[in-house]
Amino acid sequence: MSIPPDGRLGALPRGLYAITDSQLLADDRTLLAACEQALAAGVVLLQYRDKSADAERRWRQATALAALCERFGVTLIVNDDLALAERLQQRWGERVGLHLGQQDTPLALARQRLGDTAIIGATCHASLTLAAQAAGAGASYLAFGRFFASRTKPEAPPAPLSVLGEAARFGLPRVAIGGIEAATIGAARDAGAELLAVVNAIFASPDIAAAVRALDARLAPICEFRNC
């Protein structure tokens with residue numbers, strides 16, 4: 001796979017992208033323990049997603065997760081909260097990124113405020129038009145889905161796996177999201193996803209580390225997922 005002139009395709013790791021769920025990980029201790037297990041087992045990106053209005057809790061949890069991610073050399077991606085990402089970035093710099101949906105802060109503004117090197121992802125659903133707009137605004141990766149039945153967002157409109165191959169034209173890493181689990185992760189990888197976003201298949205598992213290792217094993221022996 002070719003790398004674009006600015007090198008953005010080569011800037012991100014390949015593999016499992018874990019996304020937290022405040023319903024599954026309700027308190028600080030559960031959240032941190034679960035994320036530590038996931039990171040130790042091989043997750044390459046971690047997104048903190050909490051849609052509550054409790055700003056104090058989100059700051060407390062995100063700060064703890066940023067410190068945890070620093071231990072493992074992994075970037076923490078903040079979901080839909082530019083101000084929180086900016087505050088965290090003051091201490092952890094490039095170790096903090098941002099993910100934006102279509103109704104969130106304009107990506108170009110986020111890029112301006114977080115700087116050229118921050119990881120900023122964009123939700124594109126099944127739309128190459130949205131992907132083109134995100135790429136033009138400075139996205140670091142393009143997220144597509146849902147591809148399979150999703151317990152996290154069952155109402156999300158479906159997307160065909162073919163969009164992952166079609167999105168190769170943008171020269172950015174592609175994230176597959178929505179129903180990614182042991183039975184589906186291989187199909188999403190084979191369709192072109194460099195990053196596989198997972199919620200329930202990791203954080204609803206009674207053994208999070210084992211779940212991560214099992215999913216990761218289904219990506220092997222594709223060397224590019226391990227940056228080798």
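User: Why is Ala 211 called buried?

Analyst: In this predicted model, Ala 211 has a relative accessibility of 13%, and because buried means under 20%, Ala 211 counts as buried. Ala 211 lies in helix H9, residues 208-217, and, leaving aside residues up to four places away in sequence, it touches Ala 201, Ile 202 and Ser 205.

User: What makes Asp 80 partly exposed?

Analyst: The relative accessibility of Asp 80 is 27%, and since the partly exposed class lies between the 20% and 50% limits, Asp 80 counts as partly exposed. Asp 80 is placed in the loop between strand E3 (75-79) and H3, and its phi is near 50 degrees, a positive value in a residue other than glycine.

User: Which class does His 125 fall into, with its relative accessible area of 33%?

Analyst: With 33%, His 125 is partly exposed, because that class covers the range between 20% and 50%. His 125 lies in strand E5 and has a positive phi of about 55 degrees, although it is not a glycine.

User: How do you know that E1 is largely enclosed by the rest of the structure?

Analyst: Five of the five residues of E1 are buried, so the strand is largely enclosed by the rest of the structure. On one hand, E1 pairs with strand E8 (residues 195-198) in the parallel sense over four bridges, with Gly 15 standing opposite Leu 195; on the other hand, three bridges join E1 to strand E2 (residues 45-48), again running parallel, and there Tyr 17 stands opposite Leu 45.

User: What makes E6 and E7 a pair of strands?

Analyst: Strand E6 (residues 141-144) and strand E7 (residues 174-176) are joined in the parallel sense over three bridges, and because two strands pair if there are at least two bridges between them, they satisfy the criterion. One of the bridges has Phe 144 with Ala 176 of E7 as its partner. In the wider arrangement, a closed barrel of eight strands runs E1-E2-E3-E4-E5-E6-E7-E8 with parallel pairing, and neighbouring strands of this sheet are turned by 25 degrees against each other on average, direction ignored.

User: Why is the aromatic pair of Tyr 17 and Tyr 141 called edge-to-face?

Analyst: The ring centres of Tyr 17 and Tyr 141 are 5.8 Å apart and their planes stand at 85 degrees; because rings pair within 6.5 Å and planes over 60 degrees apart count as edge-to-face, both conditions are met. The pair links distant parts of the chain, with Tyr 17 in strand E1 and Tyr 141 in strand E6, 124 residues apart, and both tyrosines are buried.

User: How do you know that the buried residues of H4 are on the same side of the helix?

Analyst: The buried residues of helix H4 (residues 107-114) are Leu 107, Ala 110, Arg 111 and Leu 114. They cover an arc of only 100 degrees around the axis, which puts them on the same side of H4. An α-helix has 3.6 residues a turn, so residues three or four places apart point the same way. These buried residues pack against helix H3 (82-92), strand E4 (96-100), strand E5 (120-125) and helix H5 (128-137), and just after H4, Gly 115 takes a positive phi of about 95 degrees.

Conventions. Residues numbered from 1 in each chain as written. Predicted model: local features only at pLDDT ≥ 70, side-chain atom pairs only at ≥ 80, totals over all residues. Heavy atoms only, no water. Buried < 20%, exposed > 50% of the residue type's maximum accessible area, 1.4 Å probe, protein only. Helix = DSSP H or I, 4+ residues; strand = E, 2+ residues; numbered from the N terminus. Arc of directions from axis to C-beta. Contact = heavy atoms within 4.5 Å. Axes fitted to C-alpha atoms, helices over the stretch in contact; angles between N-to-C directions. Phe/Tyr/Trp six-rings, centres within 6.5 Å; stacked < 30°, edge-to-face > 60°.
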